[in-house]
Amino acid sequence: MSGAASSQFASARFREARTVDWLELEQRILQIERGRAGSLSDEDLFELPVLYRAALSSLSVARETSLDADLVAYLEALCARSYFVLYGVQPPLRRRIAAFFGASWPLALRSLARETLIAVLMMLLGGIAAYCLVASDPSWYHSIVPEGLAGGRGPQSSAAELRQGLYDGGGDDSNMLGAFATYLFTHNAQIALMCFALGFAFGVPTLLLLVYNGCILGAFLAVFVSKGLGLPLAAWLTIHGTTELFAIAIAGAAGLRVGMALAFPGKLSRTAATARAGRTAAFAMIGVVLMLAVAGLLEGVGRQTITSDLIRVAIGGAALLGWLLYFYVMPVRSGDLDG
Amino acid sequence: MAEARATQGSGRQRGTDRRTFVTPEGVDLKLDIATIGERAGAFMLDLTVIVLTLVVLTIVLLLVLMGTGKALAQILLMIWLLGFFALRNGYFAIFELGPRAATPGKRLMRLRVVARDGSRLRGHQVVARNAMRELELFLPLSFLAYQSSAGMATFATGLFGLLWTGIFLLFPFFNRDRLRVGDLIAGTWVVRLPRRSLNHSVASRAEPEQARYAFTDAQLSVYGEFELQKLEEVLRRNDEYSMIVVARTIRERLGMAGVEGDEHGFLEAYYTALCQRLERNMLFGKRKKDKYQH
């Protein structure tokens, strides 16, 4: 060991030669992390990948030649931060929104078609069962429909009272339509999110929730039909119900998909299978929230201002047809599926 | 000293939080999974922010309502309802969609949400992982409220519900990667992303000729890399008491009589000499992991 070369060992020389670049990279990454990427010049940005690769190669070298734990930890942290800045760049928001409406949403629903059908059948099943129960013995109504939801309507109500509920534009607070619509939207969206999240418990609670939802509808229908108000109720429900019930069925379907992937992952590992199901389900759920916003508007504003049965049915039918065409018929370019 | 340290290898390293994370350039970044404490802390911070925002929003809207009378009541109510909905469901998602992929709480704890496969974090992943909060947080809360509001007859129901939902709440305790239910669905995990600054090397900058201490080959072959890095920690901490203890231990082992009161100088000189020797051997492919390896 002699001469000037040995006075500093190799790793110290290595470190001295590169520190400037590391600090430069760190400075720029910090700027970008703080959301001030605009303050960097084009030249700075072009240099960024070069500096990043240099830091990565420094990390590899340091791991093999340096025993300075602090240096290696610093480089690891710096490289990880740079990695996420450089590789985490999202495409512009407008393109992502266009991709969602143009491809991701309809494609997710197409792949969920089987589950959606099951969800709809479950609701129908619940509806028919509750209808038969209440039609044969009206006292079932109270054990099916919770007090808050019934709002005083029930088998004991007279036909006139029930009719008033259908056409009265929401009672005394008819000037609060906007707030009413907003309330309905947030409430329903929360229920739909719950319906989806419960799918994680192998889908069982989701199925129960879907059946129960159908039960409430069936019980209502039975009461109104017994008073000769079946068609008006159907019209009252249709205007927003086609959108809302469809959305809830989709939320249930998304939950079922996740639950099934968790229970029966098939050839994939369980985590891989659920993550894949989660992708489809998440697209569907963003759509569900949007659909429920539309349903909230139709229910809160449309239903309270439009009192003609025919127009109510027409609007509801058109909405359903529109959704079906959009989800299952519209041609889709499956090129870009970025979320 | 510990022999059963994590060995380098691919995949999960048993008993540690380090995970292999290979960049497209082929370098393993070795990310650290966040601990449950850090994540709980981040969540508490976020919850505080949410509740405070909600309180402020409510107060502001009430003040406006008092100022304008009934005319704006509907719009204010709409704003409140939508604000509540957006806070409850959107707060986490909006922040995690940002460039740092972390809510303010996570940012403060130096955490970040990362896609498990190493690709960039997508919007649908953020939506999926946060939609599941409904199951993990609000469902247990509702059962808790149910239990406290209802009488003894339904106590069992509430308790059962709480236990059942507790499975989802405590999910991160039951898997190695501390995945929440939402993380599992979304294909994400939460990693620690510290911001470190580069410290000076602890090796002495003095020329070897001027050094007060000289070590023989035998003395330098006593310790290995593990001990070297422990010594580095001691030198960085610069705590007088521990340096005295460490210096005495090393001297005894080396059989050197030393001057009392110059522990820092001695340790620095030994660190420098040992580091130099080990790094040189490393270049020749000879590594000495610790003092037990010959």
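## Exercises on a predicted two-chain model

**Exercise 1. Work out how strand β1(B) is joined to its neighbour, and where the strand sits in its sheet.**

Start with the pair itself: in this predicted model, two bridges join β1(B) to strand β2 of chain B, residues 31-33, and the two run antiparallel. Next, look for a residue pair across these strands, where Arg19(B) stands opposite Leu31(B) in β2(B). Then widen the view to the sheet, which is open and is formed by four strands of chain B in the order β1-β2-β4-β3, with antiparallel pairing. Finally, find the edges: β1 (18-19) and β3 (111-115) of chain B each pair on one side only, and they are therefore the edge strands.

**Exercise 2. Describe the domains of chain B and state what distance separates their centres.**

Begin with the bounds, since the domain assignment gives domain 1 of chain B two segments, 18-135 and 175-192, while domain 2 covers 208-283. With the domains located, take the centres over C-alpha atoms, and the separation between domain 1 of chain B and domain 2 of chain B comes to 47 Å.

**Exercise 3. Determine how many residues of chain B are in contact with chain A, and which element of chain B gives the most to that side.**

Counting contacts as C-beta atoms within 7 Å, one finds 56 residues of chain B in contact with 61 residues of chain A. The elements of chain B that give two or more residues to this side are α2 (73-96), α4 (123-131), α5 (133-149), α7 (181-186), α9 (225-237) and α11 (263-283). Of the elements, α2(B) gives the most, with seven residues. Sorting the side of chain B that touches chain A by class then yields 31 nonpolar, eleven polar and 14 charged residues.

**Exercise 4. Compare the annotated transmembrane regions of chain A with the modelled chain, taking residues 245-265 and 277-298.**

First consult the record: the unreviewed UniProt entry annotates transmembrane regions in chain A, among them 245-265 and 277-298. In the model, residues 245-265 of chain A are 90% helix and 0% strand, with end C-alpha atoms 29 Å apart. Residues 277-298 of chain A are 100% helix and 0% strand, and here the end C-alpha atoms are 31 Å apart.

**Exercise 5. Decide where confidence in chain A is highest and where it is lowest among its helices.**

As a baseline, chain A averages a pLDDT of 84, and 91% of the residues score at least 70. Confidence is highest in helix α5 (residues 113-136) of chain A, at 93, and lowest in helix α7 (residues 147-150) of chain A, at a mean of 67. Over residues 1-7 of chain A, pLDDT stays under 50, and the model has five contacts beyond four places in sequence for this stretch.

How values were computed
Residues numbered from 1 in each chain as written. Chains lettered and ligands numbered in written order. Predicted model: local features only at pLDDT ≥ 70, side-chain atom pairs only at ≥ 80, totals over all residues. Domains from an automatic or database assignment. Contact = placed C-beta atoms within 7 Å. Nonpolar A, V, L, I, M, F, W, Y, C, P; charged D, E, K, R; others polar. UniProt positions renumbered as here; feature names shortened; annotations may be inferred. pLDDT = per-residue confidence, 0-100.
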